[in-house]
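Here are a few notes to read alongside the model, written for someone opening it for the first time. Keep the viewer open and follow along.

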Amino acid sequence: MSDKVYMVPNPPTPNKAVEFNPDICSGCNLCVDVCPTDVMMPNPEKKKPPIVLYPEECWYCGGCVEECPRPGAITMLHPTQQRISMNWKRKDTGELFRLGMKNPPPPNTRPPSG
Ligand code: SF4
Ligand code: SF4
């Protein structure tokens, strides 16, 4: 029986979850350690960015970006369906609006029930 351990990526997943800047990342693997769902694995090559192995497991909790000691080394790539609720801004006028609405609705001023 072989002593080798294999990790097999999930190729059908189209999203990458997180992206590394190899010019900034030191390969310290702190992000790998803090990830609650083991999305990444350490790169077998020392000082290289980790490898995203199971992007579909990402919770988008941001722990990896928060804990990274080198700003800009890791960036979260939110799926499109999670970005669509954001406000859109018209560059020339600064007008804010949402899809299907000319302007954002006024803030909810009702106190919480109970
Ligand atoms: S992204 Fe940040 S925490 Fe992760 S290996 Fe690179 S430097 Fe370390
Ligand atoms: S956002 Fe959270 S779940 Fe996703 S890779 Fe980073 S630490 Fe892991």
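The points below go from the overall layout to the ligands, the core and two loop residues.

1. A word on what you are looking at: this is a predicted model. The protein has 3 helices and 6 strands. If you walk along the sequence, they come in the pattern β-α-β-β-α-β-α-β-β.

2. How much of the protein is buried? Of its 114 residues, 13% fall in that class. As for contacts, take those with a separation of 6 or more: residues 24 or more positions apart make up 48% of them.

3. Now to the ligands, beginning with ligand 1. It has 14 residues around it, and the closest are Cys 25, Cys 28, Cys 31, Cys 68 and Ile 74. Sorted by class, that shell holds 10 nonpolar, 3 polar and 1 charged residues.

4. Ligand 2 has 15 residues around it. Which ones are the closest? Look for Cys 35, Cys 58, Cys 61, Gly 63 and Cys 64. This shell has 12 nonpolar and 3 polar residues, with no charged ones.

5. The largest nonpolar core has 13 residues. The members that touch the most others are Cys 31, Cys 35, Val 39, Cys 64, Cys 68, Ala 73 and Ile 74. Some of these names should ring a bell: Cys 31, Cys 68 and Ile 74 are among the closest residues to ligand 1, while Cys 35 and Cys 64 are among the closest to ligand 2.

6. Val 39, one of those core residues, is worth clicking on. Setting aside neighbours within four places in sequence, Val 39 is in contact with Ala 17, Val 52, Leu 53, Tyr 54, Pro 55, Glu 57 and Cys 58. Cys 58 in that list also appears among the closest residues to ligand 2.

7. Next, a backbone detail. Lys 47 is not a glycine, yet its phi is positive, at about 65°. You'll find Lys 47 in the loop between β2 (40-41) and β3 (51-52). Is Lys 47 buried or exposed? Lys 47 counts as exposed because just 10 other C-beta atoms lie within 10 Å, and the cut-off for exposed is 12 or fewer.

8. Tyr 60 is another non-glycine with a positive phi, here about 55°. Where does Tyr 60 sit? Its place is the loop between β3 and α2 (63-67). With 12 other C-beta atoms within 10 Å, Tyr 60 is exposed too.

Notes. Residues are numbered from 1 along each chain as its sequence is written. Chains are lettered from A and ligands numbered from 1 in the order in which they are written. This is a predicted model: local features need pLDDT of at least 70, side-chain atom pairs count only at pLDDT 80 or more; totals for chains, interfaces and linings use all residues. A residue is near a molecule or strand if its C-beta atom, placed from the backbone, lies within 6 Å of it. Ala, Val, Leu, Ile, Met, Phe, Trp, Tyr, Cys and Pro count as nonpolar, Asp, Glu, Lys and Arg as charged, and the others, Gly among them, as polar. Helices (H or I, at least four residues) and strands (E, at least two) are DSSP runs, numbered from the N terminus. A residue is buried if 20 or more other C-beta atoms lie within 10 Å of its own, exposed if 12 or fewer, and partly exposed in between; C-beta atoms are placed from the backbone. Two residues are in contact if their C-beta atoms, placed from the backbone, lie within 7 Å. A nonpolar core is a set of buried Ala, Val, Leu, Ile, Met, Phe, Trp, Tyr and Cys residues joined through C-beta atoms within 7 Å.
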